[in-house]
Amino acid sequence: MSATISPLAPKKYPKMPAIEGVRIATAEAGIKYKNRTDLLAMVFEPGTAVAGVFTRSKCPSAPVDYCRQNLAAGKARVLVVNSGNANAFTGKKGRESTALTGEAASKAAGCSAGEVFLASTGVIGEPLDTGKFSHLLAGMVKDGKSDLWTEAAKAIMTTDTYPKVATATVKLGDTDVTINGIAKGAGMIAPDMATMLSFVATDAPIAAPVLQDLLSRGTAKTFNAVTVDSDTSTSDTLLLFATGKAAKRGAPEITDPKDARLGAFRRALGKILKSLALQVVRDGEGARKQVEVTVTGAKSARSAKRVALSIANSPLVKTAVAGEDANWGRVVMAVGKSGEPADRDLLSIWFGDNRLAHQGERDPAYSEAATSAYMKRDDIRIRADLGIGRGKATVWTCDLTKEYVAINGDYRS
């Protein structure tokens, strides 16, 4: 954790309520960091359903393979997460260490290895010594407490400068159900999904296939619409657990994704995923500004998203934002290089409410003074209208500062 907390950090954190059926423990295993927690165990009561979304990297980490394999059964009893080492590109050793951790966790929780989920974050290519922490799991599983959500978020941080948490309580039928989420991520962030670990739990009685549908749809406009540096991690893992404990308070069991009673829950889950995704962007390594990029008038929504990501990932656009320079020519460049249909003479560009370019040239009403004043804000909105269709998309990123280079220039040393 860097000494200075991001200027875009939340001003206050929500109080995270307990979720019935979930207990949490953290520990200092000294995997990479000294004097801070780097190990998390979440224990779920029997009957907990699980869904997951993972990186699309062709070099996935050993824990991602492990989770994918276990996800098919849709049942979870324990989650173990370590920070400081990603256990990625570690070959046979990586598979052995996930097997050993899975074994230690299943023994500690009294469940099968198929109900264990693992995630690791940190340096790629270094073997993970499970001997550093597997002996701690029995005590952690035994001593887990229900009110440690913010502690859990701290234990999974790497270069993050603050823990990321979100919560919501909504009605399912006539019964209140709660959703809590935590995430980590600050660099190597790009769809799909970002060096991003996120764990969400609810007491709602929702079957695993329905959870999977909710999660897969919920990520498209949230975690798959953020980028810090265009680099997709090997380790991205987003897991959603449902303990079902609200059933005994009268919540209906949901077994069909089209069930109309899911409306409020779906919206609340979307809000939590978006909140966590934006907290990741706002903690982008060295970030000083959040940037929202919207593309309208594209040939299709998919095309709009590709153009938006081309703008959001452009080092020249991001450095201009860092320097508070309204250099809209760089946005023109990013639209043009995206490979998507566009027409130079129909393109319009806005920074905030200031229209800078219109119909293929600088807007006659453009004011350098007004736009420069706008660029001093913490939150910058860039919009490009392509003028050729009805496709639109929004993605979020941050600026690119000297600190980003400093953090990543000596990450392993």
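**A tour of the sheet and its helices**

Start by selecting strand S2 (residues 39-44) and strand S4 (residues 78-85): these two run antiparallel and are joined by five bridges. Keep in mind as you look around that this is a predicted model. Now pick out Ala41 and look straight across, where Val80 in S4 stands opposite.

Next, widen the selection to the whole sheet. You should have four strands in the order S1-S2-S4-S5, forming an open sheet with mixed pairing. As a reminder, strands of a sheet pair through backbone hydrogen bonds, either parallel or antiparallel. Colour strand S1 (22-27) and strand S5 (116-123) to see the edges; each has a single partner strand, so one side of each is left without a neighbour in the sheet. Turn the view to look along the sheet, and you can follow a twist that averages 10 degrees from one strand to the next.

Now add helix H2, residues 91-109. H2 lies across S4 and S5, and runs at about 135 degrees to S5.

For the last stop, bring in helix H1, residues 62-71. How do H1 and H2 cross? Their axes come within 9 Å and cross at roughly 55 degrees, and the two helices are therefore oblique to each other. The crossing is right-handed.

Which residues meet here? Show side chains for Ala62, Pro63 and Tyr66 in H1, then for Gly94, Arg95, Thr98 and Gly102 in H2, and you have both sides of the contact. Coloured by type, the residues of this contact divide into three nonpolar, three polar and one charged.

Technical notes. Residues are numbered from 1 along each chain as its sequence is written. This is a predicted model: local features need pLDDT of at least 70, side-chain atom pairs count only at pLDDT 80 or more; totals for chains, interfaces and linings use all residues. Side-chain values use heavy atoms; hydrogens and water are left out. Axes are lines fitted to C-alpha atoms, for helices over the stretch in contact, and angles run from 0 to 180 degrees between N-to-C directions. Angles under 35 degrees count as roughly parallel, over 145 as roughly antiparallel, 65 to 115 as roughly perpendicular and the rest as oblique. A crossing is left-handed if the near helix is turned anticlockwise from the far one by less than a right angle, and right-handed if clockwise. Contact means heavy atoms within 4.5 Å. Ala, Val, Leu, Ile, Met, Phe, Trp, Tyr, Cys and Pro count as nonpolar, Asp, Glu, Lys and Arg as charged, and the others, Gly among them, as polar. Two strands pair if DSSP finds at least two bridges between them.
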